[in-house]
Structures are given as C-alpha cells and as structure tokens.
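Biologist: I am new to this structure and would like a close look at a single part of it, namely how its helices pass one another and what lies along them. Could you take me through that slowly, in one connected account?

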Amino acid sequence: MRRQKSKPDDKKTKELIKKARLVLFIIIGIVIFIKLNKKLFFMVIFSALAFAGKQIRGQFGLKLIVLDPLMFLAIMVAKFLSLTDAVIFIALNTLVVDFITNIASEGTFFNFGFYSIGTVVGVSLFGGFDMMIYGNIASLIYSVEYVLFRFFIIPQDPFGSVMKAATSFMFTFFYLTFFGPLLKLLMTL
C-alpha cells in the first residue's frame, strides 16, 4: 500500500512566513537603528537590560547576589563608545533608577562612584589588552572599593558585603565570557 504525500498546511505555512518576515523586519530595523545612532541604541538597550537585572534580583529576594549586568554593560560602553558615555550610562542606571524607584540611599552615590572609577580605570589603563583583562580588572576594582566601603565607611554585614562583591565579579566574568564577543561584534559594526 502506498502512502499518500501529505500536503503542507497552507495556514501554517503562511503563519511561518509571516513570523519570518517579522523577524527579518526586526533585524533590519535594528541594523538601521545601530547605523543611524549607535550610541542611543546601545544606551537604551543596555539600560533596559540593567534595569531588568535589578528587577529580577529584587523580585526573587536575591539580596546577597549581584547578578545584574550593569558593570559588564558599563565596560562595554566605555570600550566601544566612550568613557564619558559609560559614566552617563552608570549615572542613569544607579542615580536615576534608584531615585525613580525610591530606593536611593548614600550607597547609591557611592555605587555610582565605584562603578565609574572601576570602569574608567579598567578600560582607560588596560583597554589595549584582551576584553577579559580590562573587564575583569574593572570589575575587581569595583568589588574591592565596595568591600572597603562596607567594611570601613558604612559598615554592614561582612559576609553579605563579600558575597555581593564576589558575585558581582563572578557574573561580570561570566557576561564577559559569554556575551562579550557578541556585543563587541555588534558594537563595532
């Protein structure tokens, strides 16, 4: 007995073509937006990612774990856009976001300074080396500043402070490893 060939469902095919066109339209739109105003594009996308990271952390009560990509994204902005843009990006995502969400404290201003110092020093002094080197140095500078601040200036739980600094460094390392090359490719288009 011979099997009959099944005809493709026209409705499913049309739906698939419609989705493929949408994806293609989005990709073309992104490339055009990057070409028109790369700085604005990455500032908006990175700010959304940094905010989402903070939201996820807060939503799940991960007080001792810093998994938001703010440091990583600041490093990418500093390296591939400019150091000034990185400081503006950090200000938007520490000072502005904390004040808008009513969680601003003295730590907000210090975090702005620590992120800025770590990013600027790491990228300006070591930016000629591999991404893993300047990125990890910038992250390490931030982590050391944070621990010293929480141990000596405004003391908090030492275990919690070390955990936050360590997880910030670890997640920045992971982001550099997994997403760094892709963002480098996109940002140098």
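**Helix 3 and its neighbours**

Modeller: In this predicted model, a good place to begin is the place where helix 3 passes helix 6, which it does in a right-handed crossing. Helix 3 covers residues 70-80, and its axis comes within 10 Å of the axis of helix 6, the two crossing at roughly 125°. Because of that angle, helix 3 counts as oblique to helix 6.

Helix 3 also packs against helix 4, and here the angle is about 155°, with the axes 7 Å apart. Since angles over 145 degrees count as roughly antiparallel, helix 3 is described as roughly antiparallel to helix 4. The handedness of this second crossing is right-handed, as helix 3 passes helix 4.

From helix 4 the path leads on to helix 2, by way of a charged pair. The structure holds one salt bridge, and it is formed by Asp 85 with Lys 39, whose closest N and O atoms are 3.5 Å apart. Asp 85 lies in helix 4, which spans residues 83-100, while Lys 39 lies in helix 2, so the pair ties together parts that are 46 residues apart in sequence. The two partners can also be described by their cover: Asp 85 counts as buried because its relative accessibility is 7%, whereas Lys 39, with a relative accessible area of 40%, is partly exposed.

Helix 2 itself runs over residues 38-59, and Gln 55 is found in it. With a relative accessibility of 42%, Gln 55 counts as partly exposed. Gln 55 and Ile 65 are ten residues apart along the chain, and their C-alpha atoms are separated by 13 Å.

To return to helix 6, the partner of helix 3 in the oblique crossing, we can turn to the surface. A nonpolar patch is formed there by Phe 110, Leu 140, Val 144, Leu 148, Phe 151, Phe 152, Ile 153 and Val 162, which together have about 740 Å² of accessible area. Helix 6, covering residues 131-153, gives the most to this patch, with six residues. Leu 140, one of the patch residues, is found in helix 6, and its relative accessible area of 45% makes Leu 140 partly exposed. Helix 6 is thus described in two ways, because it is the helix to which helix 3 is oblique and also the one that gives the most to the nonpolar patch.

Notes: Residues numbered from 1 in each chain as written. Predicted model: local features only at pLDDT ≥ 70, side-chain atom pairs only at ≥ 80, totals over all residues. Heavy atoms only, no water. Patch = residues over 30% accessible without salt bridge, like charges linked within 9 Å, V, L, I, M, F, W, Y side chains within 5 Å. Areas by Shrake-Rupley, 256 points an atom, 1.4 Å probe, with all protein chains shown as cover. Salt bridge = Lys/Arg side-chain N within 4 Å of Asp/Glu carboxyl O. Helix = DSSP H or I, 4+ residues; strand = E, 2+ residues; numbered from the N terminus. Buried < 20%, exposed > 50% of the residue type's maximum accessible area, 1.4 Å probe, protein only. Axes fitted to C-alpha atoms, helices over the stretch in contact; angles between N-to-C directions. Parallel < 35°, antiparallel > 145°, perpendicular 65-115°, else oblique. Left-handed = near helix turned anticlockwise from the far one by under 90°.
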